[in-house]
Amino acid sequence: MRKLRAALNRLANLFHRERYERELAEEMESHLQLHIEDNLRVGMSPAQARREAIMKLGGVEQTKENYRERRGLPILETTLQDCRYAFRLLRKNPGFTLVAVLTLALGIGGNAAVFSVMNSVLLRSLPLPRPEQLVYLVLPNGKPDGATNTGDDSTSFSDPVFEQLRTDHAAFSDLIAYIPLAIGKTAVRIGQDPEEAEADEVSGNFFSGLGVSFARGRGFTLEDETAHAPVAVLSYSYWTVRFGRSPSAIGQTIYVKGVPFTIVGVSGQGFYGVEPGLSTDLWIPLQNRPELNAWGEPPSEDSTLYGSPKWWCIRLIGRLQPHVTLPHAIAMLDPAFQSSALIGLGTVDPKTPKPTLALAPTEGIQGIRDDYAQPIEILMTMVGLVLVIACTNVAMLLVARNSARQREFSLRLALGAGPGRLLRQLLAESLLLVAVGAALGWIFATAASSALAAWSSLEVPFTLDSRVLVFTLAISLACAVVFGLAPLRSALRVSEGPRLKTSNAAAQRNKKSSWTGKLVVASQMTLCVILLVGAGLLVRSLHNYEILPLGLRTDGLLVFGTSPLSARSDDERARFYQRFLERLRVVPGVESATLMANRLGSGWSNNGIFAIDGATPRGSFEEVGMRANDVGSDYLHTLGVPILQGRDIADADTRQAPKVAVVNQTFVRRFFPNGAVLGAYSGRYQT
């Protein structure tokens, strides 16, 4: 307690310095007068009495300094003095300060921006309680033979698998299902305003199992899932954009594909869902209505959520029980998974490889981290080189500037300042310089990360969170230490005498320092060449992608999506799109228009191995697999794709007409090397 009181008194003295100095001066003067009076009594003259009194005290200023060290915080005081001196020094040299600060801002800001991308895509966990317990269920080898799927082959499960695994609470405290309502966005309507939104149907424990907080209202319950209740939860961002954060949104009706749902809740800020790379706008409980079928698939015998056990369309995420490891969880789940995976598949060939269940951590953006990991690491290396070059430039500027301060350093050393005191002064200057550069770099990183998010087309923002802040502070502190140490060696290298006698214009440099400077310059040039070559290759690759021939005419081509709000059947949807296409073709300025089920650039297609003239090709999907798309009339003409044989899709090719298909050259070379492809049959279609 006594030490704490003493420390607080020392700290308080910093804020009452004038009174403290005045009291100290009065006390010293009183002591001095007492000694003078004693000397006068023994017969000394006034001048001699004062001189002897000062000598007895050991020097007034020295005594004051010793007293200050005992009563104050000398390290803090000298640090503040160093910072004030550093500020005056930087203000005195605005040109040097501006160049150094902008150089550091570019290096630190670029690293912070790219690290924010790496953090979002590769490192950051879901913003939920205990995210280390959350895992995605994946299929490294894909679905079992005989099963069909919609979505990603490695992340889709069947309803029997979900129902079987959710009852096993040894591995998971909660197993959660989520399914997109469409490939892309879903048609919704609020009031009279139709629009599209990212929408998922989820199990009743979606919010409770994940631990999602709510800004308004509530989440779903298992009863909502069982009853397929017409209730909806909005994301915080969608609530902000669509309702301006109005509390009156709760209780309003939102129409999803023409079906009314009552809004019962708004998720907490920062939760964007669990879809890889997407920001989900709203959630509804799992539904059994045909118009709300999973993935927007038209319901059929083979593609109904609750009636097609061999249709694998459900995505799963689970929360592990405490202290359960990934290998232990897989070992507990695998028997139930293997038995439920065969439901609805009939007799399975025992030689067929069994499907493999795996668990993937939720760090980063699942599903795209493998594609983005290497490019991000390369980009991080490049901006790291930029930071090294920036630090080298600033360090050389500091060394060059401090060479003109040799007399100042010599005088400090001659007056008793040690290397540690000189190091603190240089560190204070570098810390102040780096602090300003880091602040500007943070502003630059904020804008750059937003630009990178927009350029990447990912709907998850690249936010500058605490991890990015710690990374930025770490590299800033490292830069400050480097800048403080860089000029110290030259400041201490020569003895005080020669430096005091030498003018600023005649500063000494020996051969060793000259070779050191040349080595630094050569290293910097090497890094610059490496960086320029890498940047040039990157620009060239991007240019090649830009001019890469796509096989179609992109000038004036507009691609967009739309969904009917109230269509209940395939016939109703077909009539909607046909009327829409007819109206679109008569719009002034429209040369031609067509339809496609999976629009260009969406990344989706219908994949499979189709029979050709009644025979199914043998081999892996990479060898004999095909990607198909359902398109409308005038498709090739609208896209500007040349026709080498046959004709385009015509208006007469309706749902009731014989099925026809158009194939590409790769299909012809692989399956019809003689070129006689017209009239052949592929799957359900005739070419």
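Pro180, Ala182, Gly184, Glu198, Ala199, Asp200, Glu275 and Thr280 line the second largest cavity in this chain, and the model you're looking at is a predicted one. That lining is a mix: three of its residues are nonpolar, two are polar and three are charged. The space they enclose has a volume of about 30 Å³. How many cavities of 30 Å³ or more does the count come to? Two. If you're wondering about the idea behind such a search, rolling a probe the size of a water molecule over the atoms shows where empty space is left.

Now for the chain as a whole. Here are a few values to keep at hand.

| Item | Value |
|---|---|
| Buried residues | 39% of the 687 residues |
| Contacts joining residues at least 24 apart | 74% of contacts between residues at least 6 apart in sequence |
| Exposed area from carbon and sulfur atoms | 59% of about 37,400 Å² |

As for secondary structure, the chain comes to 22 helices and 18 strands.

One residue to click on is His228. Look for His228 in the loop that runs between helix H9 (222–226) and strand S8 (231–234). Is His228 buried or exposed? His228 has a relative accessible area of 18%, and because buried means under 20%, this histidine counts as buried. Which residues does His228 touch, leaving aside those up to four places away in sequence? Its partners are Leu286, Gln287, Asn288 and Tyr306.

Methods: Residues are numbered from 1 along each chain as its sequence is written. This is a predicted model: local features need pLDDT of at least 70, side-chain atom pairs count only at pLDDT 80 or more; totals for chains, interfaces and linings use all residues. Side-chain values use heavy atoms; hydrogens and water are left out. On a 1 Å grid over the protein atoms alone, a cavity is a set of points where a 1.4 Å probe fits but cannot get out, and a pocket is an open set with protein on both sides within 12 Å along at least five of seven lines; lining residues have an atom within 4 Å of a point. Grid points are joined across faces, edges and corners, and a volume is the space filled by probe spheres set on the points. Ala, Val, Leu, Ile, Met, Phe, Trp, Tyr, Cys and Pro count as nonpolar, Asp, Glu, Lys and Arg as charged, and the others, Gly among them, as polar. Helices (H or I, at least four residues) and strands (E, at least two) are DSSP runs, numbered from the N terminus. Buried means under 20% relative accessible area, exposed over 50%, partly exposed in between (1.4 Å probe, protein chains only). Contact means heavy atoms within 4.5 Å. Accessible areas come from the Shrake-Rupley method with a 1.4 Å probe; for residues, only the protein chains shown count as cover.
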